[in-house]
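Reader: I would like to go through this model with you and ask, for a few of the terms used, what justifies them.

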Amino acid sequence: KYLMLAVYEKLELWNLVTKKKSFEISLKPGFVRDLAFSADGETLALVMNGMEHPEPENIVQIFDLKRRALTRLIRGEGAEFYSVALSPDGKTVMASSAAGMGDKDEKVRVWDVAGNRLITSIPTGDLVFSLDFSPDGRWAAVGSNSSTQLYDAATWEKKTDVAAHDPAVFTPDSRNLACSSTFEILHGISSLVVGIRLVDVETGTLVKKLARNAEWSTEVMFGPGGDEVRVTGVRRSAWNLRSGTRTQGLFFTDTQGNTAYTNGDSPDQTLAVQKTDKGLRIWDTVTGQMIHTFPAETSSSVSEMRFSHSGRYLVTGTWGGELHLWDMAQRTRILTFAGKHKNMITALAFDPDDRLLYSASDSNDDTIKVWNAATGALVHNFKTERSVTALETSSDGTLLMVAGFTGKDHDVDVLNASSG
């Protein structure tokens, strides 16, 4: 129902039903590194790194969202914050910090929110980017690049060390912890993750291994009901916790056995597209097989792509500002649009009926173009002063959301989709 946007110097809460901004909170100059909500959604914690020079301010801020007010401000005292977690009841906050990237004084600090009191400081010996409280509030997980540590959230005594690393999250029933297993070192670079480990919180023992031979994972989360774990990395996949079988998505390899990085998925998740210097590769996500290759017929390489809502068509934008429409059923290019942007395409979006296509390029172009998706004819030109990074239409097609930046300002504009 709600969407929280953390942008430069402000925090915005949007109601997705009314399509209106519920409220806005001003922030100190800087950028938001991480944020976390309490279980009831009434308390928000965020970590910020300031932009002032020569001494940027690094802070943890606690907001009461019902009162729309800042209730606590915790300063880093020279340390840089990286990640934050809030206990389900909103009474305890933990944040990972270091004096700087590569610093040997990495810690996780834990505070009592009401008393603004430091409860404990846990040396980690490594940068920590994953923090999580169990839903029942009994446990806390600290995930670094080298290991995941499990703590009693009442005494803050370490219960166990898991041979796995970040990201790490608890199952909805608080009984297990899911985390990435130890990565392998290939040619001196940490590149492949063996999979996801499910660990029993009470005993610290391994329950199950999932997603074996998967790529580096950047996020792990659980689906509704907690019976499915979803892994995001180079590719998205989902795994049934009871059977250990993959239920959605695949990790692709090319003919040489190398990881096939994919750049877009069809709406029904049955097709994935990979950009290469030889064209576009189309993958079947059910079988994991490459089923077609669109040749590199364009004068410049693809910079952006987007499936139509029906999944029948794929539009690609190039570094040269050109737009091409591909028919996924006929497996052929059916249209080159009648005009082009001056610079590389950075964002694409179809309207809900797939009749119109919106496109944008970098800041030197200053336009959002609206096209007839069937004929490739230009319908409108919208003026913009932003360097556009993302476009999205509302479900009824009346609004166009434009994300981008001008200098240091990063904002999302909501425009009339017909007039701009």
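Reader: What makes the approach of the aspartate 354 side chain to the backbone nitrogen of serine 310 a polar contact?

Author: In this predicted model, the side chain of aspartate 354 comes to 3.1 Å from the backbone nitrogen of serine 310, and because a polar contact requires N or O atoms within 3.5 Å, the pair qualifies. Aspartate 354 sits in the loop between β34 (345-350) and β35 (356-361), and it also touches Ser308, His309 and Ala373, among others.

Reader: How do you know that aspartate 354 has no salt bridge?

Author: The nearest side chain of opposite charge, arginine 306, is 8.6 Å away, whereas a salt bridge needs a nitrogen of Lys or Arg within 4 Å of a carboxyl oxygen, so the buried aspartate 354 is left without one.

Reader: Why is the pair of phenylalanine 81 and tryptophan 111 called edge-to-face?

Author: Their ring centres are 6.1 Å apart and their planes meet at 70°; since pairing asks for centres within 6.5 Å and edge-to-face for an angle over 60 degrees, both conditions are met. Both phenylalanine 81 and tryptophan 111 are buried, and because phenylalanine 81 belongs to strand β8 (residues 80-86) and tryptophan 111 to strand β10 (residues 107-112), the pair ties together parts 30 residues apart in sequence.

Reader: What makes β38 and β39 paired strands?

Author: Strand β38 (residues 387-393) and strand β39 (residues 399-406) run antiparallel and are joined by 6 bridges, and because at least two are required, they count as paired. Glutamate 392 stands opposite methionine 401 of β39.

Technical notes. Residues numbered from 1 in each chain as written. Predicted model: local features only at pLDDT ≥ 70, side-chain atom pairs only at ≥ 80, totals over all residues. Heavy atoms only, no water. Phe/Tyr/Trp six-rings, centres within 6.5 Å; stacked < 30°, edge-to-face > 60°. Helix = DSSP H or I, 4+ residues; strand = E, 2+ residues; numbered from the N terminus. Buried < 20%, exposed > 50% of the residue type's maximum accessible area, 1.4 Å probe, protein only. Lys, Arg positive; Asp, Glu negative; His and termini not counted. Polar contact = N/O pair within 3.5 Å; in protein donor to acceptor, adjacent residues only side chain to side chain. Contact = heavy atoms within 4.5 Å. Lists of a residue's contacts leave out its neighbours within four places in sequence.
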